[in-house]
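Open your viewer and get the selection tool ready. We will go from one selection to the next and say what is there.

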Amino acid sequence: MLAYIIRRVFQSIVVLLVVGLVAFAMFRFVGDPIEQLLGQERTVQDVERLREALGLNDPFPVQYFDFLVRAVQGDFGISYRQSRPVAEIILERAPATLELALVSGLLALVVGIALGVFTAIRRDGWAANAIMSASLIGVSLPTFLIGILLIYVFGVQLRWLPTFGRGDVVDLGWWTTGFLTPSGLKSLILPSITLGLFQMTLIMRLVRSEMLEVLRQDYIRFARARGLSAKSVNFRHALKNTMVPVITVTGLQLGAIIAFAIITETVFQWPGVGLLFINAVQFVDIPVMAAYLMLISVMFVLINLIVDILYVWVDPRLRIDGRH
Amino acid sequence: MTNPTPVLTLRHLTVDIPTRHGTLRPVDDVSWEVAAGEILGVVGESGAGKSMTGNAVIGLLDSPAHISGGEVLLEGQRIDDLPLREMRRIRGKRIGMVFQDPLTSLNPLLTVGDQLTETILRHLPVSESEARARAVRGLDEVGIPAAKDRMGAYPHEFSGGMRQRVVIALALCAEPTLLIADEPTTALDVSVQAQIIALLKRLCRERGMAAMLVTHDMGVIAETADRVAVMYAGRLAEIGPVAQIISHPRHPYTDGLMASTPAASAGHARLRQIPGNMPRLGNLPHGCAFHPRCPRAQDICRHDPRPVVGEVDAQAACYFPIDASEDAA
């Protein structure tokens, strides 16, 4: 098991290096940061001096290598726009995004699995059919539209919930949280529904189809023939067997929730890293973009690693070097 | 065989499947009894209604199939009209069921010990540790070596034959009075088949359990069953003691079935074969369902299906049964 994890970590590092390389290659095409940094009144000498200072004259493999060397030391450079260390800016913004992603992810997972099981067991009931039809909305409507609709209904018309920002947050020193104030919690509701709705319907439909498949299996029939209760048959025997594909998709989707919080954060002016990234793109703030992309890839790689470990935990048949 | 109360009684059991093109009747007016300690073999071709009858007894018909007529009695108590909640108390507890494929009958993600313990706790008022002790005894009884150490093993760590033993242990762990075995040896190697059959036979004898052994393998029936029920197109063609069915079948279908079964003593003679195929359920002929293939069919066979008649021990649903004095060969 340990050897397996070590091997996976090595693979993960290779993946990260490649992601960084691709990202850096693409930065050459997003524009010239000098345009944004120096105003109209500039001399050729100024431009040259700044280029040299920022290392922009080096060939990009050299730039990339410099970036890597400093990144492993936790130094992601200075933001061109804010003139502050990128690491500091991202750490400041990360709690907002992570809290939003956590709530959305939990929402998607809990509601998605519950509805998936329900619609599979009550396959022909009217409630299940209604949920299945409604889920088409979640799958097909784009995120920004859902966000705007929610803002219109609950923010503008009903005036129940705030439509932008995080509300009041409590600063714990290394982390700012919106979980501890009523306004912080209220502010989380609309963005987390917006962000999690797609994943929720996806997980629900996946759990449903996997459940229907598993419920046809012989071992479910045999469990019923032994007189086990409906609860045990549905959850202990059936649901667990649907978990391997569900974990795969859910893992990747949780990564997607963090990565694509950009749109939700823009719609709700949520002060997270997604919004930071959008602003960085507009200003060609290469250090921020690079750090963000690396962060997201670390996240995906970590999630995949956890998913692989979960497989082995769920399915004993995958424990190659198990007991004996 | 009517005294004392038989463990299982079927009275005119009928199963219907409504479809868009009319109602199919995979089990049609089937009646029989199985006494304690007795093994009733149920034979017939695929689609004859054998498995469907077994599923109907334990109440596990797949919707839209349902019992549309007749009764199922377990130790004299009617069980076909029980609500699901009460039926769950009977399944596993009073009726054990073994399915065809041991490779897929066990939940791959739970240890055999957990699956056994769960079933025992469900039906018997015992503590968790007592349930585990019983589970070990159950595995031991079906011949799993080092049963105690194997409790924590997962199904994929067993061979096919061993898995079928585990399945049998699971079906019998709450000590049912009736066992329904649906093709229990079909998916196994021939050498393992004999072991499983011997095991089932021993367990039935030791526990005085009634058993319904569904199979299409006449060899298995000959070795195991006390009585045999022959089914054809959902109907009972003939029922009687195993020796009589094998050596002196009365129904022409049984006769054809026996003649087409290879026997070691028969030498190298070419096997006789019943002409044609069993009719599909949606397209049953009028009268006796077997008449288009029957060498003895006459006009009357084409009009009125004959109900099961004759002596208690030897019943054949036929107008012109083969007489014991006739040379059946």
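How many residues of chain B are in contact with how many residues of chain A? Select both sides and you should find 24 residues of chain B in contact with 20 residues of chain A, where contact means that the C-beta atoms of two residues, placed from the backbone, lie within 7 Å.

Before moving on, some ground rules: this is a predicted model, in which local features need pLDDT of at least 70, side-chain atom pairs count only at pLDDT 80 or more, and totals for chains, interfaces and linings use all residues. Residues are numbered from 1 along each chain as its sequence is written, while chains are lettered from A and ligands numbered from 1 in the order in which they are written.

**Stop 1: the side of chain B that touches chain A**

Select helices H2 (84-90), H3 (102-105) and H4 (112-123) of chain B; each supplies at least two residues of the side that touches chain A. Helices here are DSSP runs (H or I, at least four residues) and strands likewise (E, at least two), numbered from the N terminus. H4(B) gives the largest share of this side, four residues. Colour the side by class and you get ten nonpolar, seven polar and seven charged residues. In this scheme Ala, Val, Leu, Ile, Met, Phe, Trp, Tyr, Cys and Pro are nonpolar, Asp, Glu, Lys and Arg are charged, and the others, Gly among them, are polar.

**Stop 2: chain B as a whole**

Now show chain B alone: its secondary structure comes to eleven helices and twelve strands. Its radius of gyration is 21 Å, close to the 20 Å that the globule rule gives for 329 residues, so chain B is as compact as a globular protein of that length. That radius is taken over C-alpha atoms, and the rule is 2.2 Å times the number of residues to the power 0.38.

Next, colour domain 1 (1-41 + 49-217) and domain 2 (234-329) of chain B separately; the bounds come from an automatic or database domain assignment. Their C-alpha centres lie 29 Å apart. The contact takes 14 residues from domain 1 of chain B and nine residues from domain 2 of chain B. Pick out strand E2 (residues 22-34) of chain B, which brings ten residues, the largest share of the domain 1 side.

**Stop 3: helix pairs in chain A**

Switch to chain A and select H7 (residues 143-157) and H8 (residues 182-215), which pack at an angle of about 145° with their axes 9 Å apart. Axes are lines fitted to C-alpha atoms, for helices over the stretch in contact, and angles run from 0 to 180 degrees between N-to-C directions. Show side chains for the contact, including Ile146(A), Leu150(A) and Phe154(A) of H7(A) and Leu190(A), Ile193(A) and Leu197(A) of H8(A). The residues of this contact divide into eight nonpolar, three polar and no charged.

Then take H9 (residues 218-225) and H10 (residues 230-241) of chain A, packed at about 145° with axes 10 Å apart. Among the contact residues are Tyr219(A) and Arg224(A) of H9(A) and His237(A) of H10(A).

**Stop 4: an annotated span**

Finally, select residues 100-121 of chain A, one of the spans that an unreviewed UniProt entry annotates as "transmembrane region". This stretch is 100% helix and 0% strand, with its end C-alpha atoms 31 Å apart. UniProt positions are given in the numbering used here, feature names are shortened, and annotations may be inferred rather than shown by experiment.
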